[in-house]
Amino acid sequence: MSESPTPRLVRVGHAQHCKVCLLGLPASQIEVDSSTLALSFYCLAGLDLLDALQTKTNESDRQHWTEWIWEQQTHGQYGTAFKPSSYMTPASTSHDAYSEFDLPQMIMTYTALLSLSILRDDFSKLDRPGLLRYLQACQRKDGSFSTDPREGGESDLRMVYCAFAISNMLNDWSGIDVERAVEFIKDCRTYEGGYGQSPSNEAHGGPTFCAIASLRLAPSSSAKLTTEEQRQSIRWLVQNQDHAGGFHGRTEKESDACYCFWCGAALHLLGQQSLVDTTALSSFVNHCQFKFGGVAKAPGETPDPFHTYMSMAAMSLYPPGPESDKSWQLKTLDPLLNATQETADWAVQNIPARK
């Protein structure tokens with residue numbers, strides 16, 4: 001699938017795909033209505049990476065999206081966080097208070113903070129003490145975090161990463177037990193050098209990024225990987241780039257566009273960008289492009305905002321080279337927070353409590 005020189009990135013089409021999904025979900029995406037806040041982040045972040053937010057949207061739209069995101073901030077006995085959308089909120093319930101049936105979620109809170117940073121909100125409405133209480137309520141005895149404070153919910157490395165990223169943006173780690181969380185991350189490591197979602201699970205590209213990024217974010221000396229651990233992780237990640245140019249998430253599986261970011265960003269955080277075949281990578285992403293806009297998980301599949309953004313994020317970290325078409329030039333990405341460098345800087349400057 002490797003081609004040279006690389007063809008054009010369908011920038012206008014990708015930007016339009018993100019905008020259309022922001023304005024209303026197409027039929028192919030309606031099953032993710034329960035995760036609208038996360039979907040909105042992928043759309044906004046895609047426009048941000050393509051440097052199209054200001055040109056493809058107007059001030060009225062951006063203000064509307066900002067207000068809608070703040071409407072998802074909700075308060076209750078476990079503290080304050082953001083819920084996925086208003087789709088399950090009972091009509092008799094106040095939109096800013098939750099019950100046991102419409103709890104806020106960890107991943108949605110992480111994506112809400114980044115979305116508001118993309119929209120350059122000043123965070124004057126953020127309940128920081130309540131958010132710290134929420135993080136504390138979501139941490140489990142084994143150090144992991146669950147998607148919401150109830151017992152029995154999903155608890156894995158995705159939520160650990162979100163909790164660490166939120167704490168980093170708040171510049172306040174008092175809501176979590178860092179050492180216990182670091183121990184949980186270590187327990188998820190496999191003999192291959194990758195990380196599973198939970199202890200004893202198979203090594204997987206997404207959790208491996210979450211683990212490595214979390215260890216980089218953690219304000220703890222115990223979070224450092226040894227030289228041998230780094231070597232093993234690098235070896236496993238590099239082996240995940242296959243003959244098609246893309247990355248697969250698990251050993252001997254097919255390539256998937258989102259793992260171009262998960263595995264590629266993990267290698268970037270480990271300082272091993274030079275080990276990625278960028279020409280082959282851009283060729284794979286090109287084959288996943290839909291000619292009218294959007295990127296699919298694999299060639300011939302239906303495009304969606306998640307894979308569109310993740311592919312663009314990967315190409316920001318690994319542009320195909322100076323001989324490639326200029327359409328592949330994207331804004332600089334901060335792989336630790338998974339946002340453009342400008343947006344990540346806005347987050348760490350404006351989310352912490354004012355002194």
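Which residue has its backbone nitrogen 3.0 Å from a polar atom of the side chain of Asp148? That residue is Arg150. In this report a polar contact is a pair of N or O atoms within 3.5 Å; within protein, one must be able to donate a hydrogen and the other to accept it, and residues adjacent in sequence count only if both atoms are side-chain atoms.

Before going further, a word on the model: it is predicted, so local features need pLDDT of at least 70 and side-chain atom pairs count only at pLDDT 80 or more, while totals for chains, interfaces and linings use all residues. Residues are numbered from 1 along each chain as its sequence is written, and side-chain values use heavy atoms, with hydrogens and water left out.

**Around Asp148**

Asp148 sits in the loop between helix 6 (128-138) and helix 7 (157-170). Helices (H or I, at least four residues) and strands (E, at least two) are DSSP runs, numbered from the N terminus. With 5% relative accessibility, Asp148 counts as buried; buried means under 20% relative accessible area, exposed over 50%, and partly exposed in between (1.4 Å probe, protein chains only). Leaving aside neighbours within four places in sequence, Asp148 is in contact (heavy atoms within 4.5 Å) with Leu103, Pro104, Tyr134, Cys138 and Arg140.

**Helix 5 and its partner**

Helix 5 covers residues 106-118, and 12 of its 13 residues are buried, so this helix is largely enclosed by the rest of the structure. Among the buried ones are Met106, Tyr110, Leu113 and Ile118. The end C-alpha atoms of helix 5 are 19 Å apart, which agrees with the 18 Å that its 13 residues should span at 1.5 Å a residue; the expected span is 1.5 Å times one less than the number of residues.

Two packed helices are described by the angle between their axes and the distance between the axes. For helix 5 and helix 7, the axes come within 9 Å and cross at roughly 35°. Axes are lines fitted to C-alpha atoms, for helices over the stretch in contact, and angles run from 0 to 180 degrees between N-to-C directions. The crossing is left-handed, meaning that the near helix is turned anticlockwise from the far one by less than a right angle (clockwise would be right-handed). Residues of helix 5 that meet helix 7 include Ile107, Thr109 and Leu114, and on the helix 7 side they include Tyr161, Ala165 and Met169.

Ala112 also belongs to helix 5 and, at 0% relative accessibility, counts as buried. Outside its neighbours within four places in sequence, Ala112 is in contact with Leu37, Ile69 and Phe82.

**The strand pair**

Phe82 leads us to strand 2 (residues 79-82), where Thr80 and Phe82 point one way, Gly79 and Ala81 the other, and all are buried. Strand 1 (residues 73-76) runs antiparallel to strand 2, with four bridges joining them; strands pair if DSSP finds at least two bridges between them. A hairpin of two residues links strand 1 to strand 2, and His75 stands opposite Thr80.

**Positive phi in two loops**

Neither residue below is a glycine, yet each has a positive phi.

| Residue | Phi | Loop | Relative accessible area |
|---|---|---|---|
| Asp51 | near 55° | between helix 2 (36-49) and helix 3 (53-56) | 54%, exposed |
| Arg120 | about 60° | between helix 5 and helix 6 | 31%, partly exposed |

Arg120 comes just after helix 5.
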